[in-house]
Every structure is written in structure tokens, then in C-alpha cells.
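The exercises below ask for a reading of contacts, exposure and ring geometry in one model. Each task is followed by a solution in steps.

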Amino acid sequence: MHLPDLNVAKDRTSKENVYLDLNENYQKVFKDKKYFLRTYGCQMNVHDSEAIRSYLEALGFTNTEKVEEANVVVLNTCAIRENARDKVVGFLGKCHYLKKNRDDFKIVLAGCMSEQPDFIESILAKHKYIDIVIGTHNIHELPKLLLENFSKQTIEVYSNSDEIIEGMHYERDSKYTAWVNIMYGCDKFCTYCIVPYTRGRERSRKLESIIKEVEELKDKGYLEVTLLGQNVNAYGQDIGESFSHLLECVAKTGIKRVRFVTSHPWNFTDGMLEVISKYDNIMPYIHLPLQSGSDKILKRMNRRYTKEEYLTLFRKMKKMIPNVAITTDIIVGFPGETKEDFEDTLDVVKTCEFDGAYTFIFSPRVGTPAALMEDKTPLKEKEERLQELNTLVNYYSNKSNQKLLGKTVEVLVLGDSEKDESKVYGYTDTMKLVNVSGPKDIIGKIVSVKITDAKSFSLDGEYVKEKIEA
Ligand code: SAH
Ligand code: SF4
Ligand code: F3S
């Protein structure tokens, strides 16, 4: 078994994805078999699932939404907080039960949990019914591992490598909006975070390959791409490129909407802001995780900025990009967080009036420095802080939504509304969710919508007209 060795710097290579050449041989083995795929994590994890789906379908598997019908169950796991892990462990129990008395029921554990040595060890000791453990680095090896497993019935464990595979295929969830990975991994080592351990070092894809992918998506009719990276704006540092240059090249392809997540405040440059303000097709929306408003806690988190530096960047963004919407991530109850530290966080929220925020209680992750820090605050108090924070955050997201009441905004309509089947839903340029009353044939178009109601988490609107190109 090969577990990730974080201390060894590997020479990175990049190679082309070759699975399509192997299709015919593989399809003989997997014809008439069904797969069930469940995704647990962030956008990166969702996008990895699009690659997994593409492999499975190219191999001849068909999708099923019923786990008991499946021949292969793939759990694309997340390890960011304990509750993410709990969900997976719960579902594994169900899979174990289904697997009894069946030899054509394979369980594949993919994603970030597969990259955690402590978890792998416990799996190999306790959960012997898992057939394949595949990490985040080697999804392209899934066909080989499946073929071996179906014929040999052995447990296959992933091998970790820092290679970049170009030309990956994705069975994308949407026909209009697409994730595009531009870099992998994270080098920031925030002291609470498991990602640098599960995703490895920062590795950037080649600029030309990214542009080719965007051009191809545009030709297929995609209207929007979201450039993806754990630290999307650290792109290029390992290959002599820069995020602002890439962003400009992507904007110049002429694709209608360009987005990017997640930006780290430490890597945000004026050059990026200039590019964003120069191109109309780069959306005025930035997700800028704050994590804490206390300098003491920020330092203990290894976030590399102070409260004041964050606020300075925030103000610059508001000044340089008209109508920009800014959302954030905040952790409460980090070890050593006092009431005063928490007040500092509330203070930043009041100053910034974020359009939205994802808030979390600190969850210790085995192997990270913060898991070893002394933590005296009782859980009950952390829960109270979270509640107080959420009340404030919701107040401001509601306030920012109210500002749109009566205005006409552009919405990319993506599908039927989950809330009300007679409506459709989509997103504004500032990434606000709108449920729209209007004809179904506006799905897949950018249209003008008049906002008729505003809540904390969504807007309601009426279709006005199709976007007229300038
Ligand atoms: N790369 C992104 C996202 C990382 S994970 C970034 O740097 O912002 C998404 C969010 O999960 C983080 O921003 C953080 O707020 C939260 N998070 C990460 N580790 C956590 C932990 N151990 N406990 C609680 N929240 C955590
Ligand atoms: Fe985790 Fe920090 Fe990297 Fe984000 S920047 S993925 S929070 S280590
Ligand atoms: Fe989870 Fe891995 Fe994403 S830990 S948040 S799936 S990078």
C-alpha cells in the first residue's frame, strides 16, 4: 500500500488521458452493469464525480438512482469536517448490508477520505467489504482498478502521485454551465484544514489546455465556465504563469460568463481586479473566505493576513468592481477563540455586509496542527456563537437581496425550479439564486428578469425579455 508521503517533493509530470482507447475491451466486461454514484464534498469533488461518471459510462455502465440495483457503488467522499465523514460511514453500513449474499456488488471509496492514512488503515482493518479505494490523484486509474477487481476480486488501494492528467473527460451535470479545473491541491496549510493532505501540493494545468477546454465548451453551447481551484488565484505560480493572465485569456474566448472559486485573500492582486473590471463577461462575484476577524486567531490559523488587510482588499474590490457581490466562509470556535475574538468576527461581518456566508463550527481533523491545540470552549458555547453569527449573516444577505427588489437583472436560466415546478431557476451575474415565472423555453438562455420578491437565500422574479446582444 502506498500512502501519501507529504515530505517527499516529487517531480511532477503531465500526461494525456488515454481511457478512450481502451473502451472496447472494457465494455465487454461491464456491459449491462449499473452504477450508483454519490457525491459528498465541495465543487472540486462534484467535478471529480463528473469525471468518474464519464469513465463509468464510457466503460458501459448505466446509471441507477437505486443503490440496491447497482453493481458498482462509488462514494466520492469528503473529509473537511466530521459530519461529512459521518454521512459516508453511515451509508457504508447500508452498502455492507446490501453486499451480503451478492458477489456482483462492488464498493468503491473515492475522494478525500481515501487520502487520509488514518481512515484507510481503519478501513482495511474494519471494513473489509470495500473493494476499491481510489484517491483524488488517480481517478484516471478507475477503469484499470475496476477491471482488475471484477476479474480478480482483490482489494485495490490507490497510489498517490502528483501527476497532472490533461484531456480528462467529464459527464457534466449541466449543458449550460461547466466547472473547469485549473489547478489542483493547496500549499497554504491553514492549521485547521485537511485539504493540503488530501489533495496534495499546488499544481497548475497548462494555460493552453485550459483555454482549449473552454473553447470546446463554448462550441458545445456552454454559456458559463467556473474556473476551479482550492486557491484558484494562486494559479500559475509553479509554472511561470499568473491567474490574471489566465483570466484574461479565458475572458477573451468570448464565453458569455466566467466565474472562479475559491480565491485566497493572500493571493489576490490588483492585476486580477483590473482584469475583472475590464471584461464584462467576468462576473462581478467573488468568494473571499475570511475564516475569522481576530488577528490572534487568523495567525493561529496560518491565514497570512490580518483583519485590516482583509478589509483593505475588500474595500478595493468594492471600489474597482461596480455592483460586486462578495461572499465568505467563517469558522467559529477555533481553539483559543475568546468572546472578544468572536466579537472581532462579528465586527468584520457588520463592516462588510456580505452578500452571503458559509459558517462552520471548528471540527478537529486528525493530522492537522489545530487538532492538537488546546480548546477550552464548550460545544454549547460554540453553537451559540454560530447561531448569533448566522442571524447576522442572514440579516445582511437579506438586506443585499432587498436592494434588487423592483430591478431588472440578467439571469442564466438553468432548469425547473425545485421549489415550484411551474417556475424555472437561474443565477444573476452576482450569483444570486432566482426563481423565475416565465416560459420553460428560456431554460439555457440569459434573460432579463424583474425581481418581485427578496428573501435571505433566494429571489423571485418575472421574465421580461431575452438578452439583446450589443
Ligand atoms: N480552499 C477554500 C475552501 C476550503 S474548504 C479556501 O481556502 O477557502 C471550505 C471551508 O470549510 C473553508 O473555507 C473553511 O471555512 C471550512 N473548513 C475547513 N476546514 C475546517 C475545519 N476543520 N472545521 C471547520 N470548518 C472548516
Ligand atoms: Fe484549506 Fe487553507 Fe488551503 Fe483553503 S487555503 S484549502 S482553507 S489549507
Ligand atoms: Fe471535502 Fe476534499 Fe473538497 S475534503 S471540501 S471534498 S477538497
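**Exercise 1.** Locate K440 among the secondary-structure elements and decide whether K440 is buried or exposed, or in between.

Solution. The model is a predicted one. Step one: K440 sits in the loop that joins β19 (433-437) to β20 (446-454). Step two: the relative accessibility of K440 is 37%. Buried requires under 20% and exposed over 50%, so K440 counts as partly exposed. Step three: V424 is 16 residues from K440 in sequence, while their C-alpha atoms are 6.8 Å apart in space.

**Exercise 2.** Classify the ring pair Y425 and Y427, and the ring pair F189 and Y197, and give the exposure of each residue.

Solution. Two quantities are needed, because a pair of aromatic rings is described by the distance of the centres and the angle of the planes. The structure holds 11 aromatic pairs. Step one: for F189 and Y197 the distance is 5.5 Å centre to centre and the angle between the planes is 85°. Rings pair if their centres lie within 6.5 Å, and planes over 60 degrees apart count as edge-to-face. F189 and Y197 are therefore an edge-to-face pair. Step two: F189 has a relative accessible area of 30% and is partly exposed, whereas Y197, at 19%, is buried. Step three: the ring centres of Y425 and Y427 are 6.3 Å apart with planes at 85°, so this pair is edge-to-face. Y425 is partly exposed at 24%, and Y427 is partly exposed at 26%.

One further group of rings can be noted. Y305, Y310, F314 and F354 form one aromatic cluster.

**Exercise 3.** Describe how the protein surrounds ligand 1, starting from its polar contacts.

Solution. Step one: the shell has 15 residues, of which R81, Q230, Q291, D329 and S363 come nearest. Step two: three contacts can be listed.

- Q230 places a polar backbone atom 2.6 Å from a nitrogen atom of ligand 1.
- Q291 has a side-chain N or O atom 2.7 Å from an oxygen atom of ligand 1.
- D329 has a polar side-chain atom 2.6 Å from an oxygen atom of ligand 1.

Step three: ligand 1 taken alone exposes 530 Å², and the protein buries 90% of that. Step four: β15 (325-332) and β16 (356-361) are the elements that give two or more residues to this shell. Step five: domain 2 (174-271) and domain 3 (284-402) each supply at least three residues. By class, the shell consists of seven nonpolar, four polar and four charged residues.

**Exercise 4.** Which residues surround ligand 3, and which domains does this ligand lie between?

Solution. Step one: the shell is made of G41, C42, N45, C78, A79, I80, C112, V195, R199 and Q230. Step two: sorted by class, six are nonpolar, three polar and one charged. Step three: domain 1 (20-150) and domain 2 (174-271) both give residues to the shell, so ligand 3 lies between them.

**Exercise 5.** What is the class make-up of the shell around ligand 2?

Solution. Step one: the residues around ligand 2 include C186, C190, C193, H264 and R303. F189, treated above as a ring partner of Y197, also belongs to this shell. Step two: by class there are seven nonpolar, three polar and two charged residues. Step three: Q230 is listed around ligand 2 and around ligand 3, and Q230 is also among the residues that come nearest to ligand 1.

Methods. Residues numbered from 1 in each chain as written. Chains lettered and ligands numbered in written order. Predicted model: local features only at pLDDT ≥ 70, side-chain atom pairs only at ≥ 80, totals over all residues. Heavy atoms only, no water. Near = heavy atom within 4 Å. Polar contact = N/O pair within 3.5 Å; in protein donor to acceptor, adjacent residues only side chain to side chain. Areas by Shrake-Rupley, 256 points an atom, 1.4 Å probe, with all protein chains shown as cover. Helix = DSSP H or I, 4+ residues; strand = E, 2+ residues; numbered from the N terminus. Nonpolar A, V, L, I, M, F, W, Y, C, P; charged D, E, K, R; others polar. Domains from an automatic or database assignment. Phe/Tyr/Trp six-rings, centres within 6.5 Å; stacked < 30°, edge-to-face > 60°. Buried < 20%, exposed > 50% of the residue type's maximum accessible area, 1.4 Å probe, protein only.
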